[in-house]
Structures are given as C-alpha cells and as structure tokens.
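This report concerns a two-chain model, its annotated domains and its chain contact. Please consult the sequence and coordinates shown here.

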Amino acid sequence: MFASAPFVLLAVLLPLVSVLLALRTSWQQAYRYCLPILPMPALLVGLLAGSDWGLELPGLLLGGLWGVDELRRVFLLLTAALWLTCGVFAIGYLKDHNLRRFCVFWALTLAGNLGLVMAQDVASFYSFFALMTFAGYGLVVHEGTEQANRAGRVYLAMAVVGEMAILAGLLMAVQLAGSGLLMDLPAAIAVADRRWLIMLLLLAGFGVKAGLPLLHFWLPLAHPVAPTPASAVLSGAMIKAGLLGWLVTLPFGEVSLPAWGDALVMVGAVGALGGAALGLLQARPKAVLAYSSISQMGLMTLMVAAALASSEHSVVIFAVVALYVLHHGLAKGSLFLSTAMALPPGRWQRWAMWLFIALPGLALAGLPFTSGAMAKLAMKDVLKPSGLGFTLAAYLPALMTAGAIATMLLIWRFLWAFGADARTGTNSPGLWLGWASATVSSLLLFWWLPLPPGLPVKPWFAVMQAQAWSLLWPVLVATLLAGVAWQIAQRRK
Amino acid sequence: MTLSTLMPVFALLTSLLASVVIFALPERGYRLRTVINLAAAGLKIVLVGVMIWGVAQGREYEFAFNMVPSAEFVLRADALSMLFAGLSALLWLLTTIYAVGYLEDSPNRSRFFGFFSLCVASTMGIALAGNLFTFFLFYEMLTLSTYPLVVHRGTPKALRAGRNYLVYTLTGGAVLLLAIAWLHGLVGDLRFQEGGHFAGVDPSLHGPLTIIFVLLITGLGVKAALVPLHGWLPQAMVAPAPVSALLHAVAVVKAGAFGIIRVVFEVYGLEAAEAMGLLTGLALVAAFTIIYGSTRALYQIDLKRRLAFSTISQVAYIVLGLCLFGPLGVTGGLVHLVHQGIMKITLFFCAGNYAETLGVHRIDELDGAGKRMPGTSVAFTLGAFGMIGAPPLAGFITKWTMGSGALAVGMDWVVAVLVLSSLLNAAYFLPIVHRLWFAEQHQAWPHERRWGRLETSAWLLWPPLITAVLMVLAGILANVPFSPLSWVELIVAREAAL
C-alpha cells in the first residue's frame, strides 16, 4: 500500500518550502536545477495513490480535507507531469536576469495548482486557487516589457473579478450546504432557491480561468507573453483549474438542467469555433496556440453542458472530460515548448523536427493512433444525441466535427507562423530534454498512463482502425483548405 | 484582595509605571530606557497570557471600588476584554522594538516613550474597563496621551494635524460624556454584561434609549473614524511611523470600535438593539464608510495616506459585522478587530521602513524596492493580500465569516459590499505590489541609509516580519484553539449563552 498521506502533504509543501532557496542570490542557480524536482511527489501521488481517501487537517483554515479521487487523480497526473517537463525545459530556457524571482513565482504557482487539485474543502481549494492566480501574475509579467505589463494588468483585473464571483458563489453554496466540504456543495446547489445565481457566479468565476468566450480577453494576451515554459503550464495545466472548479462545485448528477445545457452548448460552440476563427488571424505562433486553447476549452464546455443537462450521464462524461484534459494538456504543453526550439541545420533532422512538432498538433485534431483520437472517440460516444435530453444535443456531433476541422486549420496556421519565425541553430540540453519529454509523454507515454476508471473499456487500437476514416477526413478537409489558403497567399506575394 | 482581583490592575500598572519611570529618566539613558520598555512590555504579555488562560478556564478577574458615589471604577477581565488586551499587549511589545530602532538618534525620546507607554496603559484600561464610566476615563486619557505623539515632530503640519485631532476627539468625548450621563440618569450605573441590559425594556424608554445610542455611537465613532467623523485620521498620519502603526492598529481607532462593541453587546444587548431598530442605520453607516474609505484610498499618492484611508474602510468592517446580529456575522466583525490590527500594523511598519531606509514616501517612488528590501517587501505584500481578503490569510477568514453571517440572516447586500470593497482594495494595493517586485528602479532612492548586511536596521526589520507571520498563521490555523477566530467563537458562545 502506497503511503499517500505524507506524499500529499509533501506535494504541496515542497514547492512552498523551496521558496527558502530565494533567501540568497547565490543560490539561484541551484534553485533553477530544483524546479523539476518540485512536482515529483505530486506525480508519485498521481501514479500510485489509491482513489477515494482523504487526509483530514482539522486545524487548517476552517477545517481542511485533502486527497484524491478518480477525477482529481487524472488532473493531478497531468498537472504534475506537465510542470515536471516544463521545469526541465525551464532549466535550459531561463536567463540569469531575475532568475530568483521567476523561480519563486514558479514554485508558488505550482503549489497553488497542485493544491487546488487535491483540496477537498472549500477554504483550501479557494486558497490554492487564489495562490495560483496571484503567483501566476509573476510569470505573466516576468519579461517586464510594456506588452507583458499590459497583459498582466488585464490578467489581474479579470482574475480578481473572477475570484470575487467564485467567492460569492461559494459563500452562498456553503451557507446552504451547512458544510465546508466541496462534495456537499452540488446537492445543496441543486435544491437552492437561487440556484441560477449560484451557478452563474461559479460558471463565470471559474470561466475566467477556463477562457470562456467574453471572459477570455486576458488569455490570448497573457499566455503568449509569459516565458515559454510558463506559457506551457498556463495553457496546458492552469487553464484546467477553471474546468475542475466547475466539475467539483456544480450540481452534476444531482439534477438534470436542460436549459443550462442548451446555454452552455452555445457558449462552448462560440468558444470552439470563434476561438479558432480569431486564432487564424494571429501571426505569432504562441498567440495561435493560446486561441487554440480557448477553442479546445470550448469543446470541453460541450461535454460539461451535456453532463449538466442529463444527470444520469454525468459520471461517464466526467471520465471522458478527464481523458480529454490529460490529452489536451500534454499536447498543448509540448506545442508551446516547441515555439522556443531552434530548427537543426541538417535537412533530415529538420524534417524530423517538424514532424515531431506537428504530431501533438495533429493529435489535437484527432489523427488516428494519437491521444486525440482516443479522446475524440470517447467524446463522440458519450455525446450521442439520442441519450441526452436537451434541444441542442442534436447539434453536438456536427459541432465536434466542425471543431476538429477548426483545430486542424489552427495547427496549420501555427506551423506556418512557426516556420516564419523559426531560428536555425542549436538548443541547450535542458530545452531538448524538456521538449522531448513533453512530446514523448503526449505521443507515447499517454498510452501507459492510468486512465480514468469510469471510462468504457475498449480495444482502443482496433476501434481506431475501424474509425480511421471518420477521424481522418476532418484532418484532410482542413489540410485541403489550408493548402488553398497557402496558394492564395503565395500568389499575392 | 486576592491575586485574581489584582491581575487586571497589574496589567494596567506595568505600562503606567513604565511611563512614570521613563519620564523621570534623563534623555540620554538610552540603554536603561530600552530595557525598562521591553521588560514592561514582556511582563504585560505574561500577565495578559495568564489571564487569557484563566478566562478560557472560566475564571473571572475583577477589581472594583466606588470612586464617587453611584459611579464605580471597575476593571474586569472577561473574554471580550482579553481579545483587545491580548492584541494590544502583543503589538505594544513589537511596536516598542520598532520604535527603538525608528527613533534612533532623534530628539525627545524620553518624552516620546513616556507618552507611548501612557497611551498603551490607556488602551489596556479601555480593554479592561467594566462599565461605561471607567471606559470613559481611559478613553479620554487615550486622547490626551496620543496628542503629544501625533505632534512629536513639532513641524507646523504636525501641530495642525494635532490641533485637528484634539478638536475631533475632545468633541467626540464630550458627546460621549453627555450620552453616558444621560444613560446614568435614566437607568443608573450599568456594568458591561454579556447579553446586555435592555432585553425586554419598557417600550416608553425606547425613544430616549435610541437617542442615547446615536449619541454614544457618535462619540465613539469619532475615534473609530466612521464617515463623516473621520476627518482627523488621514491628517494624523504625519506622526512618526510607530505611532501611526499603533494608532491605526490598536490604540485609537480600535478604542472607538471596541467601545461600539461594548455598547452594542453589553450595554444594549444585541437583541434589544436589533429590536429597537438601531442596527440597520449603523450597518448603513458602516457600509458607506467601507466603500468611501476604499474609494478615497485609490486616489492617494502618499503611501501612509493611502494606508490611512484603508484603515477607515477596514475598521468599519468590525462595526458592520456587529450589525449582522447573528453569531457568524458578529464573529466576523470581532475577529477583524485582531486581524485588521495585525495586518495594518505590518503595513505601517513597512511604510516606515521604506521611509527610514530609502527616504521613500510616495507610491511612485517604490519602483524596484523589492530587490533592495526583500524582507520588508514580503511583509508588505502579505499585508496587502491580507487586506484584500485573499485566502488563506487573516483577512480572508474575516471576509468569509462575515459573508456567511450576512447570508445566514438574509442580509445579502452585505456580500455585495464585501465584494466591492475587496475589488477596491485590490485596485489600490496590487499596483503597489507590482511596483515593489516587477518595476525596475529608475532613479536613486531619495535618501538612502545603509545598515551593514541587513536591508535595514534589525530593530525595524523583525517587527513587520513577525506580524506578517502572525497574520499568515491567524489565517492558516484559524481553527486551532487560541487562534483569534477560536477565541472570538468562545466570546460569541458566552454572549449567546445568557
């Protein structure tokens, strides 16, 4: 039996205590090399811990309870794995200027991100959420440029408003539940007189982090402007905190709310397609990726909508959401890291590099035999309109296909922008190791990671073979469109 | 006379005697004065600690005699008085340490520390006072002992601020005296009593009691800086930093707030005050003060002035909490008495450090100060986030409890006030934090001094670090026995039991 409790504590305390390394300027080089160590206890918990247990900390805040369940375990796995690879990348990426400050904010943001995944009481959850938000500001504005400061201002302003919405929503929910534990909130919200208000506050408050349309303005500014490893964790891991916030507070499985489902489908569709459309207009590769994250969160919002609309499906939908989170987080992390990589001079190495940069992107679009194909197929399975009793459910398959095409278009746009920007040269070992481990975990390790247990067990390889064409044609359509666009652009020159 | 009778007297005498001895000491007796100061402060912490322990066990410490016929002088240690006494004993020690470092080489230190101890003695008296009459004596003593501290620098600006302070506080005192005398004439000498005196009082008395309540709150509201009685506070920040720290965190504004607590809880009684409809008006005044203070703070460019307006806003939280007349809301208000004290004293210590070490007074001069003074800036950052109410710091505990309390009694609009105030707090504190850590220093510090290896004198550095740690602990360990929150829950349970 894996002794989880000390590791859960260590997972949060290690990054927090590491801040002591900032006491001396001369220790900052050591601190740089410690960054990949910080998420390791959390990764162990994610890999080895049994599900459904809690560590009670009665003296903490208003009474604490930490632990992992099936859903949180997947989030924890993604969070720890991505921060680990990005930590390795950061060793090679960071310059000495303000290194110490960056390490401090990195560690604090990490502590918040890991803590919020494991927190099962409202006060700790909200504390870690706030820690991640406020410490994340230090990552966004790190470069100190005018652009970074502007992005930071927008980030902070929207984040604070979001925090307040969350606070008000949680206060009302806790008051009704008569309990400070997250698990008691959904049932209380489900029967609340002012259910709409509480849900609206929580959806909007967490929606700021998740990049919902109209609450997203900070995201395409802040994600690209941060140092690359920070961009990767912002877009890969931290964006999911908003999603997790929804999953653990809203009344899933308690009551079917078709009207909310319809509304959220619309929001998700706008996010998925609108985010992609705006992303196509971006010239900087990281900005394209940031819009792609908005678009992907839109697709995940569709699943949240379905789960909210039909309570009996929520358990299995949660498992699929978790799978999607894992897939998107790793792929997006790898894509962001690749923006800082220089292309090797040799012709073959160059093409190999392009291939490995493109593959996580193709995974996002659902290329067969990638993590994305599995996520898409599982998603298609649970979003069958027949079982979901709300009006807009009929449009879900079409939306998913449109989303896949939009995603692939964005990936072409990204590769184009990256090609226009790319340097030729060498990369330091840290960069290589970080990028390669992110890419490998996205493409290969994914298949060995413990998948959410609620997922229907399938021979995924055979299913993908059978469904190859349905997965492939959106990719091909998008490629065709991209080719036409490329031709037009060339001719205009 | 047993020991338990004399404990409150001893607690009072430690600072009173220290004050007398310090006045008698020659100006250059630096070392002896510091030793006496610290010894007295340490002794007081021990005495108060013993009483806190005793009160938790259910013991009572009371000292009383008839001063004039029909007016008793009562010193009493109950759970509520220990909340305030504990806070002031702790912060007195830290502020004394700070003041020793701050006033190094400046003139008139003997006078300063004499009045400083006198001021703390008054605060202790206010905490321990067992009836309105005793309370009033110490309340006025506080006015007179703080005036010399405010004008300590002797500049025209300081003298003007001091005059203004006296006009406000003496007028407030007069109104308070009038109200107390009227109440005395109406119902006789009333001791503070858990649950209050006026539950089920003859309805014919409601009229005069309402007017007296308004007068009492007006008199106390001057020191608590409730709008529109707050005019003296922003000006009084010309005082030296340790004085501002003490004024804003424990001594003056808290004396007013504590008085309001005593009047609402233990003279009128929460239920009676609610039944007479006295609390709604007070809640509106407090809510307005919260928003007004925060809004004005937004426009200040002087660091200490911004902190002063922030105090106006934050102290009104305490009053607003009382008006929520449910156990949770009251808990939130009372616990903020301590939380605001620790947070605000941290911020004022830090402001003093920037001024003493770098010569920085204006907010726009703080660019890059985090690199030069990391310890102070960490403390300031924590204080600022605490004020915003960011979890898991002390301010969050306040906001969460008050918000829950407001919802429990159906006063949902209070949550909106809390949210709006937090947004305003973020708007005026976060830009400062940004300047400290993320802006590059673009000019030489106006007036820099160096102290060897440390960023500033150790006397100045440790107090804000300690209070910052206390603030974090008050939040993170809120559920542990003897945390401010647990103690306040004890008080509220005792108030409700009667």
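The report turns to the annotated domains, the contact between the chains and a strand hairpin.

The model is predicted: local features need pLDDT of at least 70 and side-chain atom pairs count only at pLDDT 80 or more, whereas totals for chains, interfaces and linings use all residues. Residues are numbered from 1 along each chain as its sequence is written, with chains lettered from A and ligands numbered from 1 in the order in which they are written.

In unreviewed entries, UniProt lists the feature "domain: NADH:quinone oxidoreductase/Mrp antiporter transmembrane" for chain A and for chain B. UniProt positions follow the numbering used here, feature names are shortened, and annotations may be inferred rather than shown by experiment. Helices (H or I, at least four residues) and strands (E, at least two) are DSSP runs, numbered from the N terminus.

| Domain span | Helix | Strand | Distance between end C-alpha atoms |
|---|---|---|---|
| Residues 119-377 of chain A | 78% helix | 0% strand | 31 Å |
| Residues 129-424 of chain B | 76% helix | 0% strand | 36 Å |

The contact (C-beta atoms, placed from the backbone, within 7 Å) takes 23 residues from chain A and 21 residues from chain B. On the chain B side, helix 17 (394-408) and helix 18 (413-438) are the elements that give two or more residues. Helix 18 of chain B gives the most, with eight residues.

In chain B, strand 1 (residues 61-68) and strand 2 (residues 71-77) run antiparallel and are joined by seven bridges; strands pair if DSSP finds at least two bridges between them. Asn66(B) has Glu72(B) of strand 2 as its bridge partner. The two strands form a hairpin with two residues between them, and Ser70(B) in the turn has a positive phi of about 70°.

Notes. Contact = placed C-beta atoms within 7 Å.
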